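Biologist: Before we begin, may I ask that each term be justified as we meet it? I should like to hear the reasoning as well as the result.

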Amino acid sequence: MNGNRPTLRFAAAIAGALLLQGCAFAPQLKRVALDQNQMVAEIEDELTLLNIVRASHRFPLHFTAVSEVNGNASLSGGVSLDATFESGPNSFGPGGQIGASTSPNFRAIVLATEDFQRGIQQPITPETVAYYLDAGWPDHLIMALFVERLDVYDQGNLNDPTLSISNEPEQGAGFGALLCKFGLAAKAPVSSRPLAAFSELIDLDTLSKEGANAAGRREEISAFLKLVEQDGVTLSGDTLFLTGSSNSVVVKRLVEPRCDSSGASHLEVEGAVIIPRFRSTQGVIYFLGEYVRAQRGNGAYLLPFANDECQTVDAPVRQVRPILAVEQGNGPAHVATKFNGTRYFVPSTSVSNCENGALAESRSMQVVAIVQQLINLHKSSDTLPASISVTGVN
């Protein structure tokens, strides 16, 4: 019996070494998944910046997407065991080597279908704008990006606008000044509008009676379930209520201006009705291209805001920031791309000057994220990245 102990210890050591190799696969699997995700993110960021740069040179836009990501990871390893059989305690020295390799496959799709093109050319819906406002995005950023123009009407005549204010990047004294005194807000949602009583949809007394019309009851129940499944419908007690997010937005005068400006006085006329007209997704990209071009000539307007990060005693520091900052040449970058042999990049350097009127860091990466989200709204499900397939072999 004692003669088998070295053999048992030998087998146990081998099993332990193999188990350690199997456990080592988990970090490799995690690394592959994270690397794939980061790769897709970098591609999407650069494609977004590339189209903005194209728009700044008034070149056509082209859209592609990573439609499929297939990757496999193979894990290989060897086990060596140094064993010494001598009198006294037996000595075993297990050793192992482990290696991992990946071979990802990617497929890109050109987004040039009729549905996609028509979609990105349609004005952004008020529901989408309201979503961003309800989610807490800065209203002056959403207003600068999404509003193409403001039509001003007399209260008694909503057919013909008395004035239209275009949102052009170089009009610092126009739309940029308007942002100092006016903001964009989502209308309050309807949260207590009763739709129907539960008993009106499903008569529980009738259901309990013999001889009830089963087909009719089934139809009522189906209608009820479909209604409850809809967004913005909830059941409180025995009554259905219409709830949900805002589906419209309004331009409102701010109680406290964001900055000092004498502009936008034409909007302060008593009884004026201001109606925002929204850009399309494609229009947002072209606007950003115009903004980058105007920025190269120092003619683009800036976003006014109060910086809460600056520690002050009396009042918030009123600063300004670019909507989007894109530079040429070399430098540290959040995202970079090349167009016609020139490197364009969103700088990663920050500004920390806490003085009134000082230039703060741009909203660049937030803008990139919004553009990507708008484009994704027009992608069909078959163009979304697929799951990563990972296979491990010990």
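Modeller: What follows is a discussion of the spaces and the secondary structure in this predicted model.

Biologist: What makes the enclosed space a cavity?

Modeller: The name cavity applies because a 1.4 Å probe fits there but cannot get out. A search of the whole structure finds one cavity of 30 Å³ or more, and about 100 Å³ of space lies in the largest cavity.

Biologist: How do you know that Glu44 belongs to the lining of the largest cavity?

Modeller: Lining residues must have an atom within 4 Å of a point of the space. Glu44 is listed among the lining residues, as are Leu47, Phe63 and Lys379, so Glu44 meets that cut-off.

Biologist: Which helix gives the most to this lining of the largest cavity?

Modeller: H2 does, with four residues. Helix H2 (25-56) and helix H11 (364-376) each supply at least two. By class, the lining of the largest cavity holds four nonpolar, six polar and two charged residues.

Biologist: Why is the other space called a pocket?

Modeller: It is called a pocket because it is an open set of points, whereas a probe in a cavity cannot get out. About 470 Å³ of space lies in the largest pocket. Its lining has 24 residues, and those nearest its centre are Pro322, Ala325, Pro347, Ala360 and Ser362. H11 gives the most here, with three residues. The lining of the largest pocket comprises twelve nonpolar, eight polar and four charged residues.

Biologist: How do you know what span to expect of H11?

Modeller: The expected span is 1.5 Å times one less than the number of residues. H11 has 13 residues, for which 18 Å is expected, and it reaches 18 Å from its first C-alpha to its last. H11 is therefore close to the expected span.

Biologist: Why is Gln372 of H11 called buried?

Modeller: Buried means under 20% relative accessible area. Gln372 is among the buried residues of H11, together with Val368 and Ile375, so its value falls under that limit. Gln372 and Ile375 also line the largest cavity.

Biologist: What makes S16 and S17 a pair?

Modeller: At least two bridges are required. Strand S16 (residues 333-339) and S17 have six, in the antiparallel sense, so they qualify as a pair. Within this pairing, Val335 stands opposite Val346. Their hairpin has two residues between the strands, and Asn340 takes a positive phi near 50°.

Biologist: How many bridges join S15 to S17?

Modeller: Two bridges join these antiparallel strands, so the requirement of at least two is met. Glu327 has Phe345 as its bridge partner in S17.

Note on methods: Residues are numbered from 1 along each chain as its sequence is written. This is a predicted model: local features need pLDDT of at least 70, side-chain atom pairs count only at pLDDT 80 or more; totals for chains, interfaces and linings use all residues. Side-chain values use heavy atoms; hydrogens and water are left out. On a 1 Å grid over the protein atoms alone, a cavity is a set of points where a 1.4 Å probe fits but cannot get out, and a pocket is an open set with protein on both sides within 12 Å along at least five of seven lines; lining residues have an atom within 4 Å of a point. Grid points are joined across faces, edges and corners, and a volume is the space filled by probe spheres set on the points. Ala, Val, Leu, Ile, Met, Phe, Trp, Tyr, Cys and Pro count as nonpolar, Asp, Glu, Lys and Arg as charged, and the others, Gly among them, as polar. Buried means under 20% relative accessible area, exposed over 50%, partly exposed in between (1.4 Å probe, protein chains only).
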